[in-house]
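This briefing goes through one protein structure by topic. Please have the sequence and the model at hand while reading.

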Amino acid sequence: MYKLIVALCLTTAAAFQAPASVAQPRSTVVKAFESEIGAQVPLGFWDPLGLLADADQERFDRLRYVEIKHGRIAMLAVLGQITTKAGIFLPGTIDYAGTKFSDIPTGWAAVDKISSAGIAQIVAFVGFLELFVMKDSANGAAPGEFPGDFRNGALDFGWDSFTEEEKTQKRAIELNNGRAAQMGILALMVHEQLGVSLWPGGI
């Protein structure tokens, strides 16, 4: 499990930089794309594993899509831990056995409290979202405005009212927050397994 988590984080790290042309030397690629969203101080254009060495724009967009999606999931995960540690839970029960939402602990321990049927429902729901709802141009759907654009012609929340500069700024903020959240939830998960909780009073 730990190897899988680390591998996922390293894979999404490759999307920190802009696409490289097959015919161009690496130094030329860095200069050409150092202004891309995500290629910023202090690391700039950063591809530690060289996953974009022979990549085209389509490959880069796919990696950026994956990075954004993982960042969004990680932000929800960190917020979920903060919320439950604060004692905030949904009302009612989570199954017919009478298990309350407030009975579900924070972190890895929650997995043991949810029934197999409940885990299957969660996996099925996530799979449904992945295949049919959360799609953009980098995932086989109609072209979006940018990788990670999940509006699908329905959701907007005022995005079209922003200037191009504001859109770029907000996309960069989301990208950075997602990167921080990926490292944050990884640290919380690993420390919990090591028995050294990062939360005051333990997990």
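The points below cover the overall fold, the final helix and a surface patch. The model is predicted. The protein has six helices and zero strands, and along the sequence the pattern reads α-α-α-α-α-α.

**Overall fold**
- The protein holds 203 residues, of which 29% count as buried.
- Among contacts with a separation of 6 or more, 61% join residues that lie 24 or more positions apart.
- About 12600 Å² of the protein is exposed, and 65% of that area comes from carbon and sulfur atoms.

**Helix α6**
- Helix α6 takes in residues 164-194, 31 residues in total.
- At 1.5 Å a residue, α6 should span 45 Å, and its end C-alpha atoms are 45 Å apart, so the two values agree.
- The buried residues of α6 include the charged-type names K167, R179 and E192 as well as A172, L175, I185 and L188.
- After α6 comes G195, which has a positive phi near 80 degrees.

**Nonpolar surface patch**
- V111, I119, I122, V123, F125, V126, F128, L131, F132, V133 and M134 make up a nonpolar patch on the surface.
- Together these patch residues have about 1000 Å² of accessible area.
- Helix α5 (residues 116-133) is the main contributor to the patch, giving nine residues.
- I122 sits in helix α5.
- I122 has 44% relative accessibility and therefore counts as partly exposed, as this class lies between the cut-offs of 20% and 50%.

Methods
Residues are numbered from 1 along each chain as its sequence is written. This is a predicted model: local features need pLDDT of at least 70, side-chain atom pairs count only at pLDDT 80 or more; totals for chains, interfaces and linings use all residues. Side-chain values use heavy atoms; hydrogens and water are left out. Patches are made of residues with over 30% relative accessible area and no salt bridge: like charges are joined within 9 Å, nonpolar side chains (Val, Leu, Ile, Met, Phe, Trp, Tyr) within 5 Å. Accessible areas come from the Shrake-Rupley method with a 1.4 Å probe; for residues, only the protein chains shown count as cover. A salt bridge is a side-chain nitrogen of Lys or Arg within 4 Å of a carboxyl oxygen of Asp or Glu. Helices (H or I, at least four residues) and strands (E, at least two) are DSSP runs, numbered from the N terminus. Buried means under 20% relative accessible area, exposed over 50%, partly exposed in between (1.4 Å probe, protein chains only). The expected span of a helix is 1.5 Å times one less than its number of residues. Contact means heavy atoms within 4.5 Å.
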